[in-house]
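Here's a walk through a protein chain, one spot at a time. Keep the viewer open and follow along.

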Amino acid sequence: MKCINRKKFTGIAGILLSLALACGCGEEVKIKNAYDMSVSTKIYGLTSEAISSAQSFFAEEVCVAGNENILSEHVTDSLSQAAALFDLNGKEMLFGKNVHERLYPASTTKILTAYTAIKHGDLKASATVTEAHLQLEAGSSVCGLAVGDTIDLENLLYGLILCSGNDAANVIADIVSGSSGEFVKLMNQEAKAIGATNSNFMNPHGLHDENHYTTVYDMYLIFQAAMKEKEFEKIISTQAYSGKLTNASGQVVLKDWATTNKFLNGEKEQPEGIQVIGGKTGTTSSAGSCLVLYSKHGEAPYISIVFKADNPDNLYTEMSELLQEISNSG
C-alpha cells in the first residue's frame with residue numbers, strides 16, 4: 001500500500017504536537033476521527049505553520065496503512081494474530097495483517113524504552129541497583145543485576161536489548177527520569193509524537209498489564225524512529241556483549257550477554273539474499289511470541305513485524321516467509 005498523501009496526514013500532525021504533553025502514565029488517549037484535519041485542528045487550535053511542518057515530516061518519512069489486509073500466497077497468515085512487512089525506501093506495505101489491532105507487545109516494548117533513553121538520557125550516567133529495581137515476576141527475563149551494583153546507561157541498554165533484561169529496564173527508567181512512573185510518561189509522549197496514537201504503555205519492560213498495548217503499525221512507527229539513532233542501531237545489531245559494572249564490594253564485574261534474536265545468534269537461517277541487521281523479541285503468555293526486525297536486501301531497508309504467534313517456531317516460520325517476500329517483490 002502506497003504512502004498516504006500529504007492532505008491525509010494532517011490528522012496525525014494535528015494530534016502528535018498536542019498529545020506529546022498531554023499523555024500521562026497509564027492514561028489511554030482516544031481520538032475520534034484522528035485522521036480528520038477539521039476535527040483535530042478545532043480541538044487543539046493548531047497553527048497552519050505547525051500543521052504544515054508536521055505534514056511535511058510525515059509525508060516524507062512514513063507510509064500509512066489502511067484497514068484492509070494485504071496478504072500473500074507465500075506467507076502463512078494463520079501463524080500469528082498480526083504481521084506486516086514495510087519497504088522503507090518505497091514507503092510501501094508489502095504485507096499487512098491486522099496491523100491496527102491492539103495487542104500486547106511484551107518485550108518489544110523495550111524498543112521504545114531504548115529510544116526514549118537514548119534520546120533523553122546521558123549514556124555515561126549511572127545508578128546503583130536497589131531491591132525495588134529487582135521486584136519482577138518470577139521467571140521473567142533479566143540480565144543478572146544485583147542489589148548494590150553500579151552501572152551506566154550505555155551498558156544497561158545492551159542488557160535491555162540483547163538478553164531482554166527487565167531489571168535493566170527499571171534501572172534505566174530511574175536514570176533518565178527519576179522513577180518508572182515519570183519515565184513511562186515520557187515513553188507515551190514520545191510514542192504520540194512519533195504518531196503511534198493507538199498505543200499505551202504502563203511500564204518500561206513490557207510485562208503484562210491490560211492497559212499496556214500497541215499495534216503492529218504503531219510499533220513500525222516507533223521502530224523506524226529508533227533506527228534513526230546510531231546508538232540504537234549499533235545495540236540491536238550486536239550478537240554478544242560484555243556488560244561492565246561495579247558490584248557492592250567495589251569490584252569491577254563483566255556480564256556476558258547474548259542476543260535472543262535467533263536470526264542473529266545462528267539458531268535460525270536467514271533467507272537467501274536477506275541480511276537481518278537486528279531487532280527485538282518479546283514473549284509473555286498474553287502477548288504470545290513477538291518479533292520486530294530491521295533487515296536489508298542489498299542496500300534497501302525493511303521492517304518486518306510478527307505479533308502474537310502461538311509459539312517460537314510459528315513466529316520464526318512466518319518471519320522467514322515475510323523476509324522471503326522481499327525477494328519475491330523485487
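**A stroll from strand to loops**

Let's start with Ala83, which touches Phe95, Gly96, Lys97, Val99, Val216, Ile305, Val306, Glu318 and Leu322, leaving out residues up to four places away in sequence. Ala83 sits in strand β1, and it is buried, with a relative accessible area of 0%. One of those partners deserves a second look: Ala83 and Leu322 are 239 residues apart in sequence, but their C-alpha atoms are 8.8 Å apart in space. Keep in mind that this is a predicted model.

Now step back to take in the chain. It has 330 residues, of which 55% count as buried, and it contains 10 helices and 9 strands. Pairs like Ala83 and Leu322 lead to a question about sequence separation. Among contacts between residues at least 6 apart in sequence, what percentage joins residues at least 24 apart? The figure is 66%. As for the outside, the accessible surface comes to about 13,500 Å², with 46% of that belonging to carbon and sulfur atoms.

Back to β1, which covers residues 80-87, and to Ser80 within that strand. Is Ser80 buried or exposed? It has 10% relative accessibility and the cut-off for buried is under 20%, so Ser80 counts as buried. Its side chain has polar company: there is a polar contact with the side chain of Lys97, at 2.9 Å. A polar atom of the Ser80 side chain also lies 3.4 Å from the backbone oxygen of Ala82. Setting aside neighbours within four places in sequence, Ser80 is in contact with Lys97, Val306, Phe307, Lys308, Ala309 and Glu318. Some of these names will be familiar, since Lys97, Val306 and Glu318 are also among the residues that Ala83 touches.

Next, find the helix pair α5 and α6. Two packed helices are described by the angle between their axes and the distance between the axes. Here α5 spans residues 153-161 and α6 spans residues 166-177; their axes come within 9 Å and cross at roughly 150°. The crossing is left-handed. Which residues do the meeting? From α5 come Leu153, Leu156, Leu157, Gly159 and Leu160, and from α6 come Ala168, Ala169, Val171, Ile172, Ile175 and Val176. Sorted by class, this contact has 10 nonpolar residues, 1 polar residue and no charged ones.

Stay with α5 for a moment. How many of its 9 residues are buried? The count is 9 of 9, so the helix is mostly covered. The buried set includes Glu154, Asn155 and Tyr158, and also leucines such as Leu153 and Leu156. At the start of α5, a side-chain oxygen of Asp152 reaches to within 3.3 Å of the backbone nitrogen of Glu154.

Between α5 and α6 there is a loop, and Ser164 has its place there. With 6% relative accessibility, Ser164 counts as buried. Its backbone is worth a look as well. Most residues other than glycine have a negative phi. Phi of Ser164, however, is near 55°, a positive value.

Ser164 also takes us to another loop, because it is one of the residues touched by Ser107. Ser107 lies in the loop between β2 (92-97) and α4 (109-120), and it is buried, with a relative accessible area of 9%. Its other partners, not counting residues up to four places away in sequence, are Asn166, His205, Lys280, Thr281, Gly282 and Thr283. In the loop between β2 and α4 you will also find Ala106. What is phi of Ala106? It is about 50°, positive although the residue is not a glycine. Ala106 is buried too, with a relative accessible area of 1%.

For a last stop, go to helix α3 (residues 48-61) and pick out Glu61. After that run of buried residues, Glu61 counts as partly exposed, at 28% relative accessibility. Not counting residues up to four places away in sequence, it touches Lys91, Gln224 and Lys228. There is a long jump along the chain here as well: Glu61 and Leu221 are 160 residues apart, and their C-alpha atoms are separated by 9.8 Å.

Conventions:
Residues numbered from 1 in each chain as written. Predicted model: local features only at pLDDT ≥ 70, side-chain atom pairs only at ≥ 80, totals over all residues. Heavy atoms only, no water. Helix = DSSP H or I, 4+ residues; strand = E, 2+ residues; numbered from the N terminus. Buried < 20%, exposed > 50% of the residue type's maximum accessible area, 1.4 Å probe, protein only. Polar contact = N/O pair within 3.5 Å; in protein donor to acceptor, adjacent residues only side chain to side chain. Contact = heavy atoms within 4.5 Å. Axes fitted to C-alpha atoms, helices over the stretch in contact; angles between N-to-C directions. Left-handed = near helix turned anticlockwise from the far one by under 90°. Nonpolar A, V, L, I, M, F, W, Y, C, P; charged D, E, K, R; others polar. Areas by Shrake-Rupley, 256 points an atom, 1.4 Å probe, with all protein chains shown as cover.
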